[in-house]
Amino acid sequence: MSKILITGGAGFIGSNFVRMMLLGSDHEIINLDALTYAGNLENLSDVDQHERYTFVRGDIADPMAMDKVFADHRPEIVVHFAAESHVDRSVLDATAFVRTNVQGTQVLLDKSRIYKAQRFVHVSTDEVYGSLGAWGYFTEDTPIQPNSPYSSSKAGSDLLVRAAVHTHHMDCVITRCSNNYGPFQFPEKLIPLMIANALEGKKLPVYGDGKNVRDWIHVVDHCEGIRKAMELGKAGEVYNFGGDAERENLFVVKEILRLLGKGEDLIHYVKDRPGHDRRYAMDSSKARALLGWTPRHTFESGLRQTVDWYVTNKPWWERVRSGAYQAYYQQQYGAR
Ligand code: NAD
Ligand code: DAU
């Protein structure tokens, strides 16, 4: 049994990972989260009374606060999810992205070194590799060529982790994953946004020609990959995870409408995202071979399950879509 500090555990992927570790391991879990607009403790209401679970509210970019967290809890492992994660928001204003994703990661690396955490797992993204043309895949050797403020801030954090390994001999691994979907995803991202809008009879805003391609992976498959990297990964290594499910955005949107029994007249083409990456596709053969990882969900079954989850859990997304979200939605989509 180890003490694991999970940052960003109240967000989409982090909360799925916290649940997996509480229900499927004997590790002690400290969930450290600032509870930004994307952090929601309701995501963990089924497990938050667990005897091996502690929640701490804190900002990873605040060195004094992090010093106290590390001194109080002395984690043996750090699994770092906390980030500003939405590309469109980074286009509107990148300030929080640089602060949390870049500065916050360095603060966590410093505290992990000072307080002698044995392993640091950095959760990163395929977006650091940039954009692909019609064919080919990102491997761990693909050069880093991020295109958005979000992906650039993630690339910056990846490089700081790399430096911690080389300069301070820290035991860090980096995971890079493609687009996640599944329960508890904040409805600003493509799949939950389209489901929620369709359920409310609102327009479904498709950027550009709708032919951008993403490689979709179920969040539980991603969490299993992170767990394998935490347990079996080698210091200084990067591991790619993808769902082998490349789909055009328009295909995904039409599939959601079909599953909900709604008409395609809800589709509304809007101005393209500035700098919109055309295609992502992951080669996960390294993780399959060296970590024994394999995704268990097909896109078809995972999407059906996800649509059902959002239908059943309407009160959850109605609550997160109230308040500050409305102002963001107006800024992002209002003037189109
Ligand atoms: P999310 O936006 O749903 O959650 C982010 C969490 O981090 C929230 O709980 C938020 O409160 C917390 N947070 C933000 N700033 C913080 C700060 N300064 N201090 C402490 N906590 C803070 O994000 P997600 O989609 O769950 O992504 C989690 C991680 O996985 C991110 O690092 C992201 O880059 C990476 N990732 C995401 C995807 C995806 O498809 N969503 C794919 C690959 C990698
Ligand atoms: O690839 C991994 C990344 O996937 C993660 O690192 C990011 O944290 C995560 O947000 C996600 O980034 P994307 O920009 O790919 O995801 P998003 O859901 O925002 O968009 C998916 C695609 O859908 C993209 O091509 C843009 C398009 N889109 C998105 C929205 C929100 C639309 O056409 N309309 C929309 O309203």
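A polar contact is a pair of N or O atoms within 3.5 Å; within protein, one must be able to donate a hydrogen and the other to accept it, and residues adjacent in sequence count only if both atoms are side-chain atoms. Keep that definition at hand for the exercises below.

The model is predicted, and local features need pLDDT of at least 70, side-chain atom pairs count only at pLDDT 80 or more, while totals for chains, interfaces and linings use all residues. Residues are numbered from 1 along each chain as its sequence is written, chains are lettered from A and ligands numbered from 1 in the order in which they are written, and side-chain values use heavy atoms, with hydrogens and water left out.

**Exercise 1. Explore the surroundings of ligand 2.**

Step 1. Start with the neighbours. A residue is near a molecule if one of its heavy atoms lies within 4 Å of it. For ligand 2, 26 residues surround the molecule, and the closest are Asp 126, Tyr 150, Arg 273, His 276 and Tyr 333.

Step 2. Look for short polar distances. In the side chain of Asn 249, an N or O atom is 2.8 Å from an oxygen atom of ligand 2. Thr 125 has a polar side-chain atom 2.7 Å from an oxygen atom of ligand 2, and His 276 has one at 2.6 Å from an oxygen atom of this ligand.

Step 3. Ask how much of the ligand is covered. Ligand 2 taken alone exposes 690 Å², and the protein buries 95% of that. Accessible areas come from the Shrake-Rupley method with a 1.4 Å probe; for residues, only the protein chains shown count as cover.

Step 4. Find the elements involved. Helix H3 (87–92), helix H6 (190–199) and strand S8 (204–207) are the elements that give two or more residues to the shell around ligand 2. Helices (H or I, at least four residues) and strands (E, at least two) are DSSP runs, numbered from the N terminus.

Step 5. Sort the shell by residue type. Around ligand 2 there are eleven nonpolar, eight polar and seven charged residues. Here Ala, Val, Leu, Ile, Met, Phe, Trp, Tyr, Cys and Pro count as nonpolar, Asp, Glu, Lys and Arg as charged, and the others, Gly among them, as polar.

**Exercise 2. Is Arg 273 buried or exposed, and what does Arg 273 touch?**

Step 1. Locate the residue: Arg 273 sits in the loop between strand S12 (267–270) and helix H9 (285–291).

Step 2. Apply the cut-offs: buried means under 20% relative accessible area, exposed over 50%, partly exposed in between (1.4 Å probe, protein chains only). Arg 273 is buried because its relative accessible area is 14%.

Step 3. List the partners. Leaving aside neighbours within four places in sequence, Arg 273 is in contact (heavy atoms within 4.5 Å) with His 86, Val 87, Asp 88, Tyr 207 and Arg 214. With Asp 88 there is a polar contact between the two side chains, at 2.7 Å.

**Exercise 3. Do the same for ligand 1.**

Step 1. Ligand 1 has 28 residues around it, the closest being Ile 13, Asp 33, Ser 85, Tyr 150 and Lys 154.

Step 2. A polar backbone atom of Ala 34 is 3.1 Å from a nitrogen atom of ligand 1. From Asp 59, a polar side-chain atom lies 2.9 Å from a nitrogen atom of the ligand, and the side chain of Ser 85 places an N or O atom 2.7 Å from an oxygen atom of ligand 1.

Step 3. Ligand 1 exposes 830 Å² when taken alone, of which the protein buries 96%.

Step 4. At least two shell residues come from each of helix H1 (12–24), strand S5 (119–125), helix H5 (149–168) and strand S7 (179–181). The largest share, three residues, comes from S5.

Step 5. By type, the shell around ligand 1 holds 13 nonpolar, twelve polar and three charged residues.

**Exercise 4. How many disulfides are there in the whole structure?**

Step 1. A disulfide is a pair of cysteine sulfur atoms within 2.5 Å. Searching the whole structure gives zero disulfides.

Step 2. Check two cysteines. For Cys 172, the nearest cysteine sulfur is that of Cys 177, 19 Å away. For Cys 177, the nearest is that of Cys 223, at 9.0 Å.

Step 3. Cys 172 counts as buried because its relative accessibility is 1%, and Cys 177 does so at 2%.
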